[in-house]
Amino acid sequence: MPLTLEAIEADITTLALDAIVNAASESLSGGGGVDGAIHRAAGPGLMDECRAIPMLRPRVRCPTGEAVITGGHRLPARYVIHTVGPVWHGGHKGEPALLASCYRRCLTLARDQELSSIAFPAISCGVFGYPFTEAVAIAVTEVRAFAEEPGSLTRIVFCCFGNRALDAYRSALAA
Ligand code: AR6
């Protein structure tokens with residue numbers, strides 16, 4: 001089955017795909033932005049499931065650059081893959097490699113669970129301050145590299161909030 005990569009403008013919580021990705025914090029204890037929207041739409045069962053994930057060290061259930069999967073609860077998506085993007089500190093603290101790792105870890109989890117569709121928000125591009133154009137370039141590069149061996153995945157969606165974001169992804173995908 002061929003793999004489709006596409007950018008759409010949508011609220012990620014409305015997407016009825018196998019998995020949506022959450023741009024979470026290391027404690028997986030909710031927050032603002034897309035994390036807040038996902039928890040609101042999924043209902044309290046999602047937080048209960050996140051809290052049951054063991055802490056690896058104080059306040060860290062999912063280290064930066066890693067990903068964990070939970071159910072989708074009341075969301076139309078079957079699963080939520082929570083990943084933690086890097087906070088932008090100027091670009092010399094390993095941010096590009098950590099952001100790339102988020103995309104790879106999410107895609108690997110999705111493939112290991114034999115999922116066929118997944119949507120990503122612009123990880124780290126809100127509160128965490130990653131420059132948008134640089135982040136989009138990393139997202140598209142990592143997803144394209146993964147698409148060489150997609151396994152079960154047939155549809156990968158970049159879910160954009162706003163027209164400017166959509167234009168940036170579409171240009172990167174067209175390049
Ligand atoms: N659907 C799609 N994209 C969205 C939505 C939505 N409903 N809501 C926001 N975005 P952010 P981060 C976009 O701040 O920078 C949280 O408090 C938004 O426009 O959600 O990785 C967590 O708990 C932006 O482009 O995530 C962490 O502590 C992108 O999603 C921290 O924020 C990511 O913005 C993570 O910060």
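In this predicted model, helix H1 is followed by Gly43, a residue with a positive phi near 85 degrees. Within H1 itself, the buried residues are Asp35, Gly36, Ala37, Ile38, His39 and Ala42. The cover over these buried residues includes strand S2, helix H2 (44–51) and strand S4.

Gly43 also offers a convenient way into the next part of the fold. Its C-alpha atom is separated by 6.9 Å from that of His73, although the two residues are 30 residues apart along the chain. His73 belongs to the loop between strand S3 (67–71) and S4. With a relative accessible area of 39%, which lies between the 20% and 50% cut-offs, His73 is classed as partly exposed. Beyond its neighbours within four places in sequence, His73 is in contact with Ala42, Gly45, Leu46 and Glu49. Two of these partners take part through polar atoms. The side chain of Glu49 makes a polar contact with the side chain of His73 at 2.7 Å, and the backbone oxygen of Gly45 lies 3.5 Å from a polar atom of the His73 side chain.

A second histidine, His82, sits in strand S4 (residues 79–83). Is His82 buried or exposed? Its relative accessibility is 1%, so His82 counts as buried, the cut-off being under 20%. The His82 side chain makes a polar contact with the side chain of Asn22 at 3.3 Å. Leaving aside neighbours within four places in sequence, the residues in contact with His82 are Asn22, Ala24, Leu28, Leu46, Cys50, Cys62, Glu66, Ala67, Val68 and Thr70.

Leu28, one of those partners of His82, deserves a closer look. This residue is placed in the loop between S2 and H1 and has a positive phi of about 55 degrees, although it is not a glycine. Most residues other than glycine have a negative phi. Leu28 is also buried, with a relative accessible area of 2%. Ser124 provides another example: its phi is positive, about 75 degrees, and it too is not a glycine. Ser124 lies in the loop between S5 and H4 and is buried, at a relative accessible area of 5%.

The loop between H2 and S3 holds Val60. At 5% relative accessibility, Val60 counts as buried. Not counting residues up to four places away in sequence, Val60 touches Glu26, Pro54 and Met55. Val60 and Ser29 are 31 residues apart in sequence, and their C-alpha atoms are 9.8 Å apart in space.

Attention now turns to the nonpolar interior. In soluble globular proteins, nonpolar side chains tend to be buried together. Here the largest nonpolar core contains 34 residues, of which Ile81, Tyr103, Leu107, Ile118, Phe120, Phe158 and Tyr169 touch the most other members. Two or more residues of this core come from each of strand S2 (19–23), helix H3 (95–112), strand S5 (117–120), helix H4 (132–146), strand S6 (155–160) and helix H5 (163–174). Which element gives the most to this core? The answer is H3, with eight residues. As for Ile81, its contacts, not counting residues up to four places away in sequence, are Ala19, Ile20, Val21, Asn22, Ala67, Val68, Ile69, Cys106, Leu109, Ala110 and Ile118. There is also a second, separate core of 21 residues, which includes Ala24, Ile38, Ala42 and Cys50. Among these, Ile38 and Ala42 are buried residues of H1, while Ala24 and Cys50 are in contact with His82.

Empty space can be described as well as packing. Rolling a probe the size of a water molecule over the atoms shows where empty space is left. The largest pocket has a volume of about 610 Å³. It is lined by 29 residues, and the closest to its centre are Ala23, Gly33, Val34, Ala122 and Gly126. Helix H1 (33–42), S6 and H5 are the elements that give two or more residues to this lining, and H1 provides the largest share, four residues. By residue class, the lining divides into 18 nonpolar, eight polar and three charged residues. The helix that opened this account therefore returns at the pocket: H1 gives the lining its largest share, and Gly43 follows H1 along the chain.

Note on methods. Residues numbered from 1 in each chain as written. Predicted model: local features only at pLDDT ≥ 70, side-chain atom pairs only at ≥ 80, totals over all residues. Heavy atoms only, no water. Buried < 20%, exposed > 50% of the residue type's maximum accessible area, 1.4 Å probe, protein only. Polar contact = N/O pair within 3.5 Å; in protein donor to acceptor, adjacent residues only side chain to side chain. Contact = heavy atoms within 4.5 Å. Core = buried A, V, L, I, M, F, W, Y, C linked by side-chain atoms within 4.5 Å. 1 Å grid on protein atoms, 1.4 Å probe; cavity = no way out; pocket = protein on both sides within 12 Å on 5 of 7 lines; lining within 4 Å. Points joined across faces, edges and corners; volume = space filled by probe spheres on them. Nonpolar A, V, L, I, M, F, W, Y, C, P; charged D, E, K, R; others polar.
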